[in-house]
Amino acid sequence: MYIKSIVLDGFKSYGTRVEVTGFDPEFNAITGLNGTGKSNILDSICFVLGITNLSNVRAGSLQELIYKHGQAGITKATVSITFDNRDKAHCPIGYENHDEITVTRQVVMGGKNKYLINGINVQNKRVSDLFCSVQLNVNNPHFLIMQGRITKVLNMKPPEILSMVEEAAGTRMYETKKQAAQKTIEKKDAKLLQLNDIIKEDIAPKLQKLQDERAQFQEYQKVVREYVTAEENAKEAANKVIEVQNDIKSKKETIKSNEIEAVELDKQVIEINKKIDEVCIS
């Protein structure tokens with residue numbers, strides 16, 4: 001992936017839209033007279049790459065990147081860089097289907113800042129990850145080696161050289177992510193321990209109390225059910241006693257009625273016998 005073109009609009013000394021093309025895939029040099037804006041092109045590249053130390057682009061605030069600090073009627077600075085992405089072996093992760101990638105950064109008066117990738121609004125981290133995946137980290141202390149720093153680089157100590165090599169190789173990004181992930185894990189572990197303490201000291205006793213109360217309530221429900229069942233059985237037995245008593249009473253009345261009927265029958269038999277005797281005598 002290499003720069004194909006740069007479009008500057010309202011950025012530093014570029015008050016009107018200017019497009020810079022003709023970049024070489026391997027090596028580029030910007031030449032020109034003093035004051036023609038050579039350094040501002042490098043600043044615009046760093047601006048799009050997401051530089052955080054604005055002193056490296058000779059500005060104290062984002063507003064200072066706007067043409068004449070916004071005092072010429074221009075209220076925003078926009079820089080778009082189009083990258084040739086046809087070399088899929090070295091393309092950013094997730095952009096294998098794009099032959100061109102256009103990254104835009106815009107700052108508006110008041111400090112409002114936004115990024116776009118292929119015209120879509122994205123977060124700063126998304127842009128940072130895109131460039132880090134192809135070993136471009138503008139916030140690496142050794143990304144820009146300005147005049148007067150050559151000797152310092154030559155005199156670097158082994159740890160500093162290792163750091164520069166890691167940045168160039170792109171492994172520093174993963175180390176940074178690893179450290180961030182470890183910090184997140186440590187915070188989560190501390191939070192988990194805190195939650196465990198809360199569970200042990202506050203929630204567990206209350207839970208045990210609730211479980212005891214639940215057991216007592218279940219025992220109470222059992223006793224109530226047994227009482228209700230016993231009461232229903234007693235009521236049913238009482239009803240049966242009443243039914244038996246009524247049956248006995250009915251039978252007694254039937255017996256009494258039968259006894260009366262038997263007496264009447266006896267009387268009738270006697271009368272009949274008398275009549276028979278009278279007939280026989282006559």
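**Close-up 1. β4 and β5 run antiparallel, joined by six bridges.** This is a predicted model, and here we look at one hairpin in it. Gln106 sits across from Lys114 in β5. Three residues lie between the two strands of this hairpin, and Gly110 takes a positive phi near 105°.

**Close-up 2. Next along, β5 and β6 make an antiparallel pair with three bridges.** Look for Leu116, which has Asn121 of β6 opposite. The β5–β6 hairpin has two residues between its strands, and a positive phi turns up here too, near 55° at Asn118.

**Close-up 3. β3 meets β4 in an antiparallel pairing of nine bridges.** The stretches involved are residues 76-84 for β3 and residues 100-108 for β4. Pick out Thr78 and you'll find that its bridge partner in β4 is Gln106. That's the Gln106 that also stands opposite Lys114 in β5.

**Close-up 4. Pull back a little, and these strands belong to an open, antiparallel sheet of six, ordered β2-β1-β3-β4-β5-β6.** β2 (18-21) and β6 (120-122) are the edge strands with a single partner each, so one side of each has no neighbour in the sheet. From one strand to the next, the twist averages 20°. Helix α2 (residues 124-132) packs on the sheet, where it touches β3, β4, β5 (112-117) and β6. The direction of α2 makes about 45° with that of β5.

**Close-up 5. The largest pocket has a volume of about 1200 Å³.** Its lining counts 37 residues, and Ile3, Leu42, Ile45, Leu136 and Phe143 are the closest to the centre. Two elements, β1 (2-9) and α1 (38-49), give two or more residues to that lining. Which element supplies the largest share of the lining? That would be α1, with seven residues. By residue type, the lining splits into 23 nonpolar, eight polar and six charged.

**Close-up 6. Two stretches annotated in UniProt, both from an unreviewed entry.** UniProt lists residues 2-139 as "domain: RecF/RecN/SMC N-terminal". In the model, that span is 15% helix and 28% strand, and its end C-alpha atoms lie 19 Å apart. The record also gives a "coiled-coil region" at residues 220-254. Here the chain is 100% helix and 0% strand, with 51 Å between the end C-alpha atoms.

Key. Residues are numbered from 1 along each chain as its sequence is written. This is a predicted model: local features need pLDDT of at least 70, side-chain atom pairs count only at pLDDT 80 or more; totals for chains, interfaces and linings use all residues. Side-chain values use heavy atoms; hydrogens and water are left out. Two strands pair if DSSP finds at least two bridges between them. Helices (H or I, at least four residues) and strands (E, at least two) are DSSP runs, numbered from the N terminus. Axes are lines fitted to C-alpha atoms, for helices over the stretch in contact, and angles run from 0 to 180 degrees between N-to-C directions. Contact means heavy atoms within 4.5 Å. On a 1 Å grid over the protein atoms alone, a cavity is a set of points where a 1.4 Å probe fits but cannot get out, and a pocket is an open set with protein on both sides within 12 Å along at least five of seven lines; lining residues have an atom within 4 Å of a point. Grid points are joined across faces, edges and corners, and a volume is the space filled by probe spheres set on the points. Ala, Val, Leu, Ile, Met, Phe, Trp, Tyr, Cys and Pro count as nonpolar, Asp, Glu, Lys and Arg as charged, and the others, Gly among them, as polar. UniProt positions are given in the numbering used here, feature names are shortened, and annotations may be inferred rather than shown by experiment.
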